[in-house]
Amino acid sequence: MAAAPLYCVCRQSYDVSRFMIECDICNDWFHGSCVQVEEHHAVDIDVYHCPKCDVQHGPSLMKKHNNWHRHDYTEPDDGSRPVQAGTSVFVRELQNRTFPSADEIMVQMQGHQVTQKYLEKQGFRYPITVPKLDGLGLKLPPSSFSVRDVEEYVGGDKIVDVIDVARQADSKMKLREFVKYYYKPYRPKVLNVISLEFSDTKMAELVVVPDIAQKMSWVENYWPDDSFFPKPFVQKYCLMGVKDSYTDFHIDFGGTSVWYHVLWGEKIFYLIKPTQANLALYEAWSSSPNQSEVFFGDKVDKCYKCVVPQGTTVLIPTGWIHAVLTSQDCMAFGGNFLHNLNIGMQLRCYEMERRLKTPDLFKFPYFEAICWYVAKNLLETLKELREDNCQPPAYLTEGVKALITALKNWLKREVTEPASEVPDHIRPNRLIKELTKEIRYLEEEQQSGAGGSKPMKSQGSGGCPLTRSTLDRASHHARRTARRLRHHHHHHHAPKTPSNLEILELHTRQVLKRLEVGPFEEDAPFSSTVTAKFNKASVASAAAVERSLDNNLRLVMCHGRIIR
């Protein structure tokens with residue numbers, strides 16, 4: 001074997017994950033980080049000279065700036081091409097336009113009024129604005145908290161996604177490089193950080209998310225601790241945008257709802273209601289080749305403008321199409337969550353994302369898995385309400401119907417697409433069958449209700465609390481256990497003592513789980529199925545072992561034999 005070629009001043013072999021630039025004189029390739037060229041800066045270089053060559057040939061040559069309205073600023077400014085989103089001409093024109101005020105649709109509330117009970121009753125269909133922090137349960141750093149402070153709490157080595165606003169292109173850089181840029185007296189371009197998720201840093205302890213986002217969140221409520229899939233973290237984002245940053249119209253990933261709080265500075269939201277018509281228009285616009293040249297706000301009936309000043313919190317419900325302009329340097333915090341109130345809309349947004357092949361999809365990595373977990377839990381909820389002779393709220397019935405349809409489609413799709421997100425302990429066909437049965441009971445109940453059999457207490461008439469007090473929990477737990485025993489008695493023998501092989505396999509799974517990597521598929525060692533699941537044969541036995549064993553395994557080995 002010939003030795004792998006070495007590149008750059010550091011003489012390393014090629015690493016696909018690191019940005020490189022080619023010297024136009026010597027034709028060697030260099031890591032941006034080794035020669036101090038940021039990825040977003042490389043696009044401005046016309047002819048690159050590496051550190052060796054620029055001694056003899058002088059500095060690199062930069063591209064010429066010919067226009068201020070196109071993503072590619074080297075295009076000639078001959079008046080033949082339309083303005084593109086994010087450019088300085090676009091931002092100036094946007095600031096001069098008038099829009100209907102979001103006051104027409106926004107619900108203004110005080111923090112303590114924004115409760116799960118309120119939203120269950122009123123629905124969560126329109127954005128909510130909360131001018132003062134108090135009562136939301138939201139804890140944040142003081143408004144004196146700076147971009148430098150973020151660097152201190154997150155670490156300068158953290159790789160962040162940075163959007164070059166005038167090109168609407170994103171690249172990665174170390175946080176310390178962004179901070180350096182931010183504090184430059186003259187900033188050569190507009191850069192925006194919008195997806196710094198910091199749950200895994202020491203900044204996480206400075207932020208407590210709003211009660212509502214915690215209490216209603218699918219991930220918080222339904223994601224099991226022992227899930228084979230890594231838990232999605234989308235609850236704590238820090239957004240740092242310089243003046244004139246712009247994010248074009250989008251729907252938040254997976255149809256999540258979102259909360260934002262402006263710590264300092266100001267953001268302007270352009271909001272569009274997710275009606276059937278608007279969603280269809282949005283999908284067409286999103287997939288059109290000239291998307292950046294068309295202002296989506298012009299395609300719809302109403303696009304509302306909402307100015308969010310320092311200290312204000314906004315909650316944006318499922319599916320709202322929105323664009324954001326940062327009107328002054330700004331730091332904001334936000335988080336995304338899925339919930340039970342708009343299940344149908346969440347699923348619609350997810351399916352649209354799939355059709356559009358949205359690259360951002362990776363942000364809610366296990367949307368389908370969470371839906372299976374939710375379905376399993378809602379089945380229990382429906383059974384309990386029925387046993388208590390209670391009518392579930394309409395949003396739940398509608399939501400479960402939408403969920404059944406989606407789950408059925410995903411199962412059909414699974415035949416052709418190998419990557420399955422059905423979690424291990426879930427029996428998909430049976431789950432769908434039982435949910436369908438619960439919905440059928442409810443519909444029969446409505447029919448016979450008119451005929452006057454025993455009436456059901458409707459949820460919310462005080463008869464049937466959906467969120468149970470601790471007192472209820474015990475009886476609810478006992479009932480659930482009893483029901484489980486009824487179900488499992490017939491087809492489960494007492495767990496057999498697991499073999500060494502099964503223990504070893506289980507241990508391997510848990511280590512991989514902790515590393516957030518899936519086991520490799522035997523038949524495709526180099527394919528991208530790193531996060532694929534175990535081949536089906538072993539799933540059943542491993543699942544059986546897992547049920548019969550304590551979860552915190554330590555494997556004790558001696559001379560290669562398992563002793564404990």
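Helix axes here are lines fitted to C-alpha atoms over the stretch in contact, and angles between them run from 0 to 180 degrees between N-to-C directions. Keep in mind that this is a predicted model.

**Exercise 1.** Work out how helix α9 and helix α10 are oriented relative to each other.

*Solution.*
- Start with the geometry: α9 covers residues 276–286, α10 covers residues 343–356, and their axes cross at roughly 20° and come within 11 Å.
- Angles under 35 degrees count as roughly parallel.
- α9 and α10 are therefore roughly parallel to each other.
- As for handedness, α9 and α10 make a right-handed crossing.
- Now look at who touches whom: α9 brings Gln-276, Leu-279, Tyr-282, Glu-283 and Ser-286, which meet Met-345, Arg-348, Met-352, Arg-355 and Leu-356 of α10.
- Sorted by class, that α9–α10 contact comes to five nonpolar, two polar and three charged residues.

**Exercise 2.** Do the same for helix α11 and helix α12: how are they oriented to each other?

*Solution.*
- Helix α11 (residues 367–387) packs on helix α12 (residues 394–414) at about 135°, and the axes lie 10 Å apart.
- That angle has to be checked against the bands: over 145 is roughly antiparallel, 65 to 115 is roughly perpendicular, and the rest, once those under 35 are set aside, is oblique.
- So α11 and α12 are oblique to each other.
- The crossing of α11 past α12 is left-handed.
- On the α11 side, the contact residues include Phe-367, Trp-372 and Leu-378, while those of α12 include Leu-396, Trp-410 and Arg-413.
- Tallied by class, the α11–α12 contact holds 13 nonpolar residues, one polar and two charged.

Definitions and conventions:
Residues numbered from 1 in each chain as written. Predicted model: local features only at pLDDT ≥ 70, side-chain atom pairs only at ≥ 80, totals over all residues. Heavy atoms only, no water. Helix = DSSP H or I, 4+ residues; strand = E, 2+ residues; numbered from the N terminus. Left-handed = near helix turned anticlockwise from the far one by under 90°. Contact = heavy atoms within 4.5 Å. Nonpolar A, V, L, I, M, F, W, Y, C, P; charged D, E, K, R; others polar.
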